[in-house]
Every structure is written in C-alpha cells, then in structure tokens.
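Biologist: I'm new to this one. Could you walk me through it, aromatic rings to begin with?

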Amino acid sequence: MVEIVPEKTKKQLGETVLQVNNLRVAFKTDEGLVQAVAGVDFTVQRGQTLGIVGESGSGKSVSTKALMQLLPPNAVIDPESQMILHKADGTTVDITKLKSTGREIRSIRGDEIAMIFQEPMASFSPVYTIGNQITEAIRAHKKVSRKQAREIGVDMLARVGISNPSQRFDQYPFELSGGMRQRAMIATALSTNPSLLIADEPTTALDVTIQAQILRLMADLQEEFNMAIIFISHDLGVISQVADEIAVMYLGRVIEHGTTRDLIETPKHPYTQALLNAIPRIENLHARLQPVGGDIPGPMSRPPGCAFHTRCPQAIAGHCNVDLPPAYRISETHTVSCFLYEDQPIAEGGDA
Ligand code: SF4
C-alpha cells in the first residue's frame, strides 16, 4: 500500500501557507480597463479555513483564480501585487511573477494548490472513467506506477465515503449521483495531497442533506490532511459552518474581515449585517427575511467613495459617496471598511 499522507502534512498547525498582499486584477475590455479586484489582502494558515463571501461580481472567484493563474488572457494582475506561496519543501514563490503556462505554475496546481468547483462535470471529462482521471492527476505530480496510482485513487474514494470504491473507480462521471461526483472531485483534488484547497461554491448545486454531508467531509479531511482551505460562497450561512475566519468582499475589495464569531455575533459593516439578515435563523424561523436591497453595480460603473453607498441605509451624504473608507481596527482580529467606525484606529496597511 502506498503512503498517501507524506511528511508535509505533519507540519505544525498555524503555519502560513499563503499570503496575499494588495492583489489587484483588471480586465482589458473594448470599453477600457475594468478593475475586478482592487487591493485585497489575506493570509491562510495550515489547518485553517478562510471563507470568502460576496455576491456574484464581488471579485471572490477572480481573486482565487488569480492564485492558480487560471484567469482569461485579457486579465492583468498588477505587478505590485504579491501572492506568496510557502511551498511544502520550505521554499517560497510569488505566484504573481509566474507565467500562466509555465512549468512552475503547472506543478503548483495540484501539487501545492488544488481547486474544486460547484459543478464536478465541468472538471471531469465525460469520456474517461473517474479512475482514469484520478490516476492521471496523481501521476502528473507523483512518481508512482499506474498500479500504485490506482491504489491511492481507490483509497481516496473510500476516504471520501464512496462505497464500493474499486467498482466506482472504473465508472464514468455520468454513472455517479451529483453528491457522489462531488465526493469524487474532492478525492481527485486531494489525491496529490495539496497544502491548500480552494473550494469555489462546492455545495451550491447540492440539496441541503448532501450539502451538510460534503461540508462535514471537508472538515474531516482538513483535520486528517491538515491543509488550508479557502472556501468561497455567496452564502454567509454556509460559510459560517466551515470557516475559522471570514472575509466579506464587495466590488473587488474586502470590506470586513474577522473570525467567524466576530462576523456572525458582532457584524459591523452594513453590508455584512444585510447579508446576515437574509439568512433564516433557527431561533426565529417566523421572522421575515430581508434580502439585501438593490443590485451590486457592474464593475464598469463602480460608484465613487464607498462602493456600497448606493445601497447603504446609513450612508453619510457628502462623505460616503466621495471618500473611500480605510480599514478600521475593531479588535485584534476584526477590521471593517466603513466610516461609521471612524473613531477606531486605522488598521495597519488599511489606508484607503
Ligand atoms: Fe454605508 Fe458609508 Fe459605511 Fe459605506 S462607509 S457602508 S456608505 S456608512
């Protein structure tokens, strides 16, 4: 039997895996340059889950695709941005500086960072068996024989809770149910033992029961493999079940960041408060839910000042629509970009 949990997973919990500093991504379009991510900072540690929440168009998926250098050709990452990956061998690399088609980023994808998506059919080819695709992923990153790769793959399918794994291994993606395909995709992503797993809306297409099973599975696997996870969702309720820390994004910026307890128990930003008010609460199931009013503006029509001012019930006229709020420090773990907290100190590096 091949050992699939090598020594790199036995490192200390809390070790930094990834540090993103002032990430800025724009897209070249016929109408000019569109800023999709406008200066995002975060750190992810081994054994920790960072939840990134935001509506579609907030820049959350663009930020994580930048980490894999999977952006479309018209994307431009600002050369001042940094995405420092602490690799399993102890070296560091700034992903911003890598070519999207180069050898180094190809070895990082899968080996150091793996990604799972909402729709597994998008990442599995329909014409190859599940086993074929897992084997290919393993052999692209590990020097093992086909037989050993099969052993690793079948073992991973068993670990993600797929019954009759050796039989499933030889089936095609369409022969599996939606929940099972999602498990198989997680198995494929984890079969190379990455340090960081990016999960982009991984449970959105699943019904609530399967969703709960997949979230539990991810938590168990994180504990077993001691990996870092970036969990992206539009749903603050789902994020709060899995994340240790949450970053709330709005039009390309992080507008509030804190521990899950900070954001769920004492949300500060009017947008975070609005997202929370839109979630049904078990203790108050009869309460009327309040969806966030209005729509997120398109990136071509980014409002000046605080980008949320067009939807904010507490906007201060002449201030919020003119000035960009810096990040204010609420506590050691909690920052918010909103002028309602101007009496708090500006966080380090949080200048607007
Ligand atoms: Fe609302 Fe102003 Fe705070 Fe923006 S800065 S969230 S507009 S109060």
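Modeller: Sure: Tyr 250, Tyr 271 and Phe 308 form one aromatic cluster. This is a predicted model, where local features need pLDDT of at least 70, side-chain atom pairs count only at pLDDT 80 or more, and totals for chains, interfaces and linings use all residues. Residues are numbered from 1 along each chain as its sequence is written, and side-chain values use heavy atoms, with hydrogens and water left out.

Biologist: How many aromatic pairs are there?

Modeller: Rings of Phe, Tyr and Trp (its six-membered ring) pair if their centres lie within 6.5 Å; planes under 30 degrees apart are stacked, over 60 edge-to-face, the rest tilted. By that rule, the count is 4 aromatic pairs.

Biologist: What is the angle between the planes of Tyr 250 and Tyr 271?

Modeller: These two rings pair edge-to-face, 4.8 Å centre to centre. Their planes make an angle of 65 degrees.

Biologist: And which part of the chain holds Phe 308, the partner of Tyr 250 in another pair?

Modeller: Tyr 250 and Phe 308 pair edge-to-face too, at 5.1 Å and 85 degrees. Tyr 250 is in strand E10 (strands, E, are DSSP runs of at least two residues, and helices, H or I, of at least four, numbered from the N terminus). Phe 308, 58 residues apart from Tyr 250, is in the loop between H11 and strand E12.

Biologist: Are Tyr 250 and Phe 308 buried or exposed?

Modeller: Buried means under 20% relative accessible area, exposed over 50%, and partly exposed in between (1.4 Å probe, protein chains only). By that scale, both Tyr 250 and Phe 308 are buried.
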